[in-house]
Amino acid sequence: MTSWPLAYGSVPLCLLLIVALCAGTSHPGDNLCSSALITSCKECLRRGPQCSWCFKEDFLDGAGAGYRCDLQVNLLRKGCGPEFTEKSDLKVEVNATVSSTQVSPQDISITLTPGSEASFIVAVKQLPRYPVDLYYLVDVSASMQENLDHLKTVGVALSLRMTEHSSDLWLGFGSFVDKPVSPYINVHPTKINNPCSDYEIRCRPAHGFHHVLSMTGNMSEFTRVIKRQRISGNMDTPEGGLDAMLQAAVCQRAVGWRPEAKRLLLLMTDQPSHLALDSRLAGIVIPHDGLCHLENNVYTGSTRMDHPSLGQLSDKLLENHIYSIFAVEKQQYQWYEELVRLLPGSYLGKIGFFQSPNLIDLVVDLYKSLLTDVTLSVSVDDKAFSRYWTAVSPICPEGATAKEQSCSGVQPNQTVYFNITIGLHSCPDHRPDEDIQVMVRPMGYNESTTVRIHSKCQCRCGSTGHCHENDRSPCAGTIDGTGRQRMPHQGLVNESNWNCRAEGSNEDCNGRGVCECGRCVCEHSRLGTIYGKYCERDDFSCSYKGGLLCGGRGVCVLGECVCEDNWTGDSCGCPVSTATCQSPDGSSCSGRGTCVCGQCVCDNHRYSGDFCERCPDCQSSCQSNRKCVDCHTFHGLKQHEAEHCNHTCDSDVLYISDMMSGGNWIQCMYISSDNCRYWFQTSSESGRNRLHISTRAECASRGRLVGTFLSVCALTVLCGLVVVAVSRLLLQKRDWSPGDASKDGEYRCTSKELSFIPSSNEKTVTYRRDRSHDHSVEMTVHVKMPLGEPWQ
């Protein structure tokens, strides 16, 4: 078995058991089945679970065998009934009769075809308290002498500590050193029985595994057995710990593992361990068989079989629901850290000299994590590992979270659900259908789910078993008694060619095939399939839409499109549904048209739009009915006069005294030439217009209208005068505000105005003195004085 440890997420959900089947690997519209290269039913089904094979004898007569493979719906449209169809038989069956306490269901049967997948749910319930079986597997090489002394007080102390979490703790004990062969031990006769003879110490012989104490609840017996243990010795550094672990796991009866208990296997060592193929140094080349080989509680296969591989050890631990704990010295912590990653359900603890408190804390912490963590493993037979794939999605209960490979934080009596999907890549080559088992195991639980998978790779093709895959040509002849093939007479062949001509035709197979011994073999066309007794039929002589045969929504059969569901028309371009004609108000084409080929065709040429909702000439519902209302009011709203207005009204007219409310009625008002107001309402339902006119008119006298007009005019003039007066008053108040006047009442100019007022008084005076008659003297004086001072 090959196992996959899986990491999970958390999705809170409450469900019991759901079984789902997924049978599609291609997108809608993709046809992976149709191919002229397919020659058999087996090849057709391997294309995918959506493919079907038609084994009807005269189906597409004259066409190649590959045209028998297609989608199920296409074969039905082409005339191949379901009784002549071989298809994928996918199913999931759950055996609910098998009772379980923690894991359910415990038995599932699945049938798969290449490319298909099946999904199912496995529920794992966490119980409040579990019995605990703890098996000590201790390295008793010489370097572990001090560590053995520390174990003498572990049994009683651990029992007292575990009473807080479990009321039922059983302990067992076993020891190991290494394979008792060279070069792992010294094979000198004096060293075999006493490896410590050089140190004048009496040691026990080296051994691969020795089961010392079966599971017991007697802590005094466990302590007594530990005190009697003696060390041993070997030559190399690595020890045979993995070899001993496998024997402790598979020897169920000798060790005494209880079915209902949580099983813990604690390996204690201060050195690394031998791995698979290491035994070749000793000439041991036989792989380990994974079975129990204990005689008188001693492992007898140690000198005959190699160390187990990590994959083999992992499978055996999972198969027997055992958690493994590695308690190692600090110096070896890194080596075992890499090892634990390859063993699902394994834990690593760093212990200093294996002191009692450290060992107890390690076991207690692991047990507490077992009560809150739920981890799942899926194992597939090695022979079929490459042909299958799996996927797991956890659904953790409320309050639990995903942590690494488990749902952590699970409380007692809560249930964790795992959605598991198993898919089949391909069938085994040149072999019939196969049956395999997939094991779904929650780590550390003594219950599991067995999934029995049947891969369907062969075709039965009805009661006759004839799939019409490679029909022999009529010219193939027969087999004589000597085993040789006899060909038919040449003249018989030529005469039979007349059977290839349709009535009234002068060419074989309508010019679209060749005649072989009285039977038409139709030619292949890049446009599609040619078939029929005389090659008179094809699947491409139909209407095209958008460049696709039958609009891509049907198949061509006998020159006519056979449309898919919900489509119709010559080229399958018209939807059967009228949803595309549904107007926003819920009516079809707004009640003014008919839905034709998915589009609205309006009954009246005045209406347009996708839903006949627009009417440019109508303006509004009120405006479009004014002429009709005018006609009826002109004739006095008398019923016997209403027929005179038929030529101006498109609606059903009814006289009413009170207007209706609610519904789709639109309220309108009409003022006649005699100044009377008429109320009317209109509605349009199911393409029919209705008009209700109120017989209660509101008319006003001429004098009242003139008085109203004059009153409105006078009020308008008065309002205008008031506005002008108020505006004038506001302007004056702003110009003569108190802040702009001086204390003595004089006008104070602004800075801008002062820039234009002269600040000085200037004059020019000219003096002239006449000296002679022809000569005079003039002097001009320019005088500038401050403004306001008198001239002197």
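**Exercise 1. A pair within H6**

Task: Decide whether Glu 221 counts as buried, partly exposed or exposed, then find its salt-bridge partner.

Solution.
- Step 1. The relative accessibility of Glu 221 is 24%. Buried requires under 20%, and exposed requires over 50%. Glu 221 therefore counts as partly exposed. This value, like the others here, comes from a predicted model.
- Step 2. The partner is Arg 224, and the closest N and O atoms are 2.4 Å apart.
- Step 3. Both residues sit in helix H6. They are three residues apart, about one turn of the helix.
- Step 4. Arg 224 has a relative accessible area of 38%, so it is partly exposed too.

**Exercise 2. The two sides of H6**

Task: Work out which residues of helix H6 (residues 219-227) are buried and what covers them.

Solution.
- Step 1. List the buried residues: Met 219, Phe 222, Thr 223, Val 225 and Ile 226.
- Step 2. Look down the axis of H6. The buried residues fall within an arc of 160 degrees, so they line one face of the helix.
- Step 3. Turn to the face pointing away from the buried side. Ser 220 and Lys 227 are the exposed residues there.
- Step 4. Identify the cover. It includes strands S10 (132-139), S11 (169-176) and S12 (210-216), along with helices H3 (145-150) and H4 (154-162).
- Step 5. Check the N-terminal end. Asn 218 caps H6 there, with a side-chain oxygen 3.1 Å from the backbone nitrogen of Ser 220.

**Exercise 3. A link between distant parts of the chain**

Task: Locate the salt-bridge partner of Arg 258 and trace the network around the pair.

Solution.
- Step 1. Arg 258 pairs with Asp 133; the closest N and O atoms lie 2.8 Å apart.
- Step 2. The two residues are 125 residues apart, and the pair links distant parts of the chain. Arg 258 is in the loop between helix H8 (252-255) and strand S13 (262-269), while Asp 133 is in strand S10.
- Step 3. Test burial. Arg 258 has 7% relative accessibility, so it counts as buried. Asp 133 has 0%, so it counts as buried as well.
- Step 4. Extend the pair. Salt bridges link Asp 133, Asp 168 and Arg 258 in a network.
- Step 5. Set it in context. The count of salt bridges comes to twelve.

**Exercise 4. A pair within H9**

Task: Assign an accessibility class to Glu 319 and to Lys 316.

Solution.
- Step 1. The two residues form a salt bridge, with the closest N and O atoms 3.6 Å apart.
- Step 2. Both belong to helix H9 (residues 310-319), three residues apart.
- Step 3. Glu 319 has 38% relative accessibility, so it counts as partly exposed.
- Step 4. Lys 316 has 17% and therefore counts as buried.

**Exercise 5. A serine in S3**

Task: Find the side chain with which the side chain of Ser 52 makes a polar contact.

Solution.
- Step 1. Ser 52 lies in strand S3 (residues 51-54).
- Step 2. Its relative accessibility is 2%, so Ser 52 counts as buried.
- Step 3. Beyond four places in sequence, Ser 52 touches several residues, including Cys 44, Arg 68, Leu 75 and Thr 85.
- Step 4. The polar contact is with the side chain of Gln 72, at 2.9 Å.

**Exercise 6. A surface patch**

Task: Name the residues that form a nonpolar patch with Leu 730.

Solution.
- Step 1. Leu 730 is in helix H15 (residues 702-735).
- Step 2. Leu 730 has 56% relative accessibility, so it counts as exposed.
- Step 3. Leu 718, Val 722 and Val 726 complete the patch. Together with Leu 730, they have about 370 Å² of accessible area.

How values were computed: Residues are numbered from 1 along each chain as its sequence is written. This is a predicted model: local features need pLDDT of at least 70, side-chain atom pairs count only at pLDDT 80 or more; totals for chains, interfaces and linings use all residues. Side-chain values use heavy atoms; hydrogens and water are left out. Patches are made of residues with over 30% relative accessible area and no salt bridge: like charges are joined within 9 Å, nonpolar side chains (Val, Leu, Ile, Met, Phe, Trp, Tyr) within 5 Å. Accessible areas come from the Shrake-Rupley method with a 1.4 Å probe; for residues, only the protein chains shown count as cover. A salt bridge is a side-chain nitrogen of Lys or Arg within 4 Å of a carboxyl oxygen of Asp or Glu. Helices (H or I, at least four residues) and strands (E, at least two) are DSSP runs, numbered from the N terminus. Buried means under 20% relative accessible area, exposed over 50%, partly exposed in between (1.4 Å probe, protein chains only). A polar contact is a pair of N or O atoms within 3.5 Å; within protein, one must be able to donate a hydrogen and the other to accept it, and residues adjacent in sequence count only if both atoms are side-chain atoms. Contact means heavy atoms within 4.5 Å. The arc is that of the directions from the helix axis to the C-beta atoms.
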